[in-house]
Amino acid sequence: MKLPISIILGLIMSLSSAQMSAAESKINVSHAWVQEAPPSAEVLAGYMDLQNQSAQAQTFLGARSSDFKSVMLHQTLSKGGMTHMKHSPRIEIKSGSTLQLTPGGYHLMLMNPKKVLRQGDQVEVLLEFQGGLVLPVKLKVSKERP
Ligand SMILES: [Cu+2]
């Protein structure tokens, strides 16, 4: 006997969504904030702590947001007194460890905000992980780490 394709697809989809919600609850996001910038700023930086509470390593691939034209994962590097930024296509977060996005290190580069963001505003960013997990996070616009 063959199972109809719709039932098979339904089983696959319910299985993958169950796995995703299990992983989702195991990445704890805290101190999520966007550094306030002058109204003319075309680029802002977003920071947060990502704690991997799952038993497996999780790979952070980047982010997107409807509040910005584009979002990239960057790393600030210092070399010979010069500071520059590098695109990071992926960062592995080992089981039990915390990845800090912080001024002078990894950050979300939030490009071309669609509106002026002031202290106290919130933006929503979708964090993307390997395996299809998408984690929505609210970042608070602030002058310093909340
Ligand atoms: Cu950057």
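**Close-up views of a predicted model**

**View 1. The exposed loop residue S66 and its distant partner in sequence, E124.** S66 sits in the loop that connects β3 and β4, in a chain whose structure is known here as a predicted model. This residue counts as exposed because its C-beta atom has 9 C-beta neighbours inside 10 Å, and the cut-off for that class is 12 or fewer. Although 58 residues separate S66 from E124 along the sequence, their C-alpha atoms lie 7.7 Å apart in space.

**View 2. The protein chain as a whole, for orientation.** The protein chain contains one helix and 10 strands, and the order of these elements along the sequence is α-β-β-β-β-β-β-β-β-β-β. Of the 146 residues in the protein chain, 21% are buried. When contacts between residues at least 6 apart in sequence are considered, 68% of them join residues at least 24 apart.

**View 3. The largest nonpolar core and the strands that supply it.** The largest nonpolar core comprises 24 residues, and those with the most contacts inside it are V34, L108, V125 and L139. Two or more residues are given to this core by each of β1, β2 (43-52), β3 (58-64), β4 (68-79), β8, β9 (122-129) and β10 (134-142).

**View 4. The surroundings of V34, in strand β1.** V34 belongs to strand β1, and this residue is classed as buried because 26 other C-beta atoms lie within 10 Å, where 20 or more are required. Leaving out residues up to four places away in sequence, V34 touches L44, G46, L110, L117, V123, L139 and V141. A further distance to follow in this view is that between V34 and Y47, which are 13 residues apart in sequence and whose C-alpha atoms are 6.3 Å apart in space.

**View 5. The contacts of L139.** Once its neighbours within four places in sequence are set aside, L139 is in contact with A32, W33, V34, G46, M48, Q122, V123 and V125. Two of these partners, V34 and V125, are listed together with L139 among the residues that have the most contacts inside the largest nonpolar core.

**View 6. The hairpin of β4 and β5.** Strands β4 and β5 pair in the antiparallel sense over six bridges, and one bridge to examine here joins L77 to its partner H84 in β5. Two residues lie between the strands of this hairpin, in which G80 takes a positive phi near 55°. Strand β5 (residues 82-87) is hardly covered, since the count of buried residues among its six residues is zero.

**View 7. Two residues other than glycine with positive phi, H31 and N112.** Most residues other than glycine have a negative phi. H31, however, has a positive phi, near 50°, and lies in strand β1 (residues 27-35); H31 counts as partly exposed because it has 16 C-beta neighbours inside 10 Å. N112 is likewise a residue other than glycine with a positive phi, in this case near 55°, and is found in strand β8 (residues 106-113). N112 is classed as exposed because 12 other C-beta atoms lie within 10 Å, and the exposed class takes in residues with 12 or fewer.

Definitions and conventions: Residues numbered from 1 in each chain as written. Predicted model: local features only at pLDDT ≥ 70, side-chain atom pairs only at ≥ 80, totals over all residues. Helix = DSSP H or I, 4+ residues; strand = E, 2+ residues; numbered from the N terminus. Contact = placed C-beta atoms within 7 Å. Core = buried A, V, L, I, M, F, W, Y, C linked by C-beta atoms within 7 Å. Pairing = 2+ DSSP bridges.
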